[in-house]
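User: Hi! Could you walk me through this protein model? I'm new to this, so plain words please.

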Amino acid sequence: MGLPRPRLVRSVAVGVGSFLLFGAVTGLLPNPVYVRMVERTPADYLFLVATSAFVYQRSLSEDPVGDRLAAGGVVGGFLAFGCPVCNAVLLALFGSSALVTYFDPLRPLLGAASVVGFAGLLYYQRRRCSRC
């Protein structure tokens, strides 16, 4: 049967929009407004794509489940691919040396945990949905 065309178009727009927005504000997509202080890695791009794909997939559902877990996963994904030194909240709380020393090495683990959370939530969503 398939998805109604307007919902599919909206979901694609949400997924691409989240990719462009998250990529621009974290400096993964080069732009004149924001300069990234930490080197870009392939894992950063992987977590950006995974987070955007999750946002796209979630917007396809009429009745998504696990809103708190989804929000936590998106925040975790954002922290995983974002520049830790450029994040004003983290910088104010911990300082740049602590972020580079302690938080930066943990970003891949945070990204992997958010991807596992995304996969689990999508699996649960599919099991719960009778039409999927």
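User: Leaving aside its neighbours within four places in sequence, which residues is valine 74 in contact with?

Analyst: Valine 74 is in contact with Phe22, Thr51, Phe54, Val55 and Phe118. Contact here means heavy atoms within 4.5 Å. Before we go on, this is a predicted model: local features need pLDDT of at least 70, side-chain atom pairs count only at pLDDT 80 or more, and totals for chains, interfaces and linings use all residues. Residues are numbered from 1 along each chain as its sequence is written, and side-chain values use heavy atoms, with hydrogens and water left out.

User: Cool. How many residues are in the largest nonpolar core?

Analyst: That core has 13 residues, and Val74 is among those with the most contacts inside it, along with Phe22, Leu48, Phe54, Phe81 and Leu121. A nonpolar core is a set of buried Ala, Val, Leu, Ile, Met, Phe, Trp, Tyr and Cys residues joined through side-chain atoms within 4.5 Å. Buried means under 20% relative accessible area, exposed over 50%, and partly exposed in between (1.4 Å probe, protein chains only).

User: And which elements give two or more residues to this core?

Analyst: Those are helix H2 (42-60), helix H3 (67-81) and helix H6 (107-128). Helices (H or I, at least four residues) and strands (E, at least two) are DSSP runs, numbered from the N terminus.

User: Let's switch to H1. Which of its residues are buried?

Analyst: Arg7, Ser11, Gly15, Ser18, Phe22 and Gly23. They sit on the same side of H1 because they cover an arc of only 130 degrees around the axis, taking the directions from the helix axis to the C-beta atoms. These buried residues pack against H2 and H3.

User: What's exposed on the other side of H1?

Analyst: There you'll find Arg5, Pro6, Val9, Ala13 and Leu21.

User: New topic: where does arginine 36 lie, and is it buried or exposed?

Analyst: Arginine 36 is in the loop between H1 and H2. It is buried, with a relative accessible area of 9%.

User: Which backbone oxygens does its side chain reach?

Analyst: The side chain of arginine 36 reaches the one of threonine 26 at 2.8 Å and the one of valine 38 at 3.0 Å.

User: What about arginine 58, where is its place?

Analyst: Arginine 58 is in helix H2, and it is buried, with a relative accessible area of 17%. Among the residues it touches are Pro64, Ala70 and Leu121.

Note on methods. A polar contact is a pair of N or O atoms within 3.5 Å; within protein, one must be able to donate a hydrogen and the other to accept it, and residues adjacent in sequence count only if both atoms are side-chain atoms.
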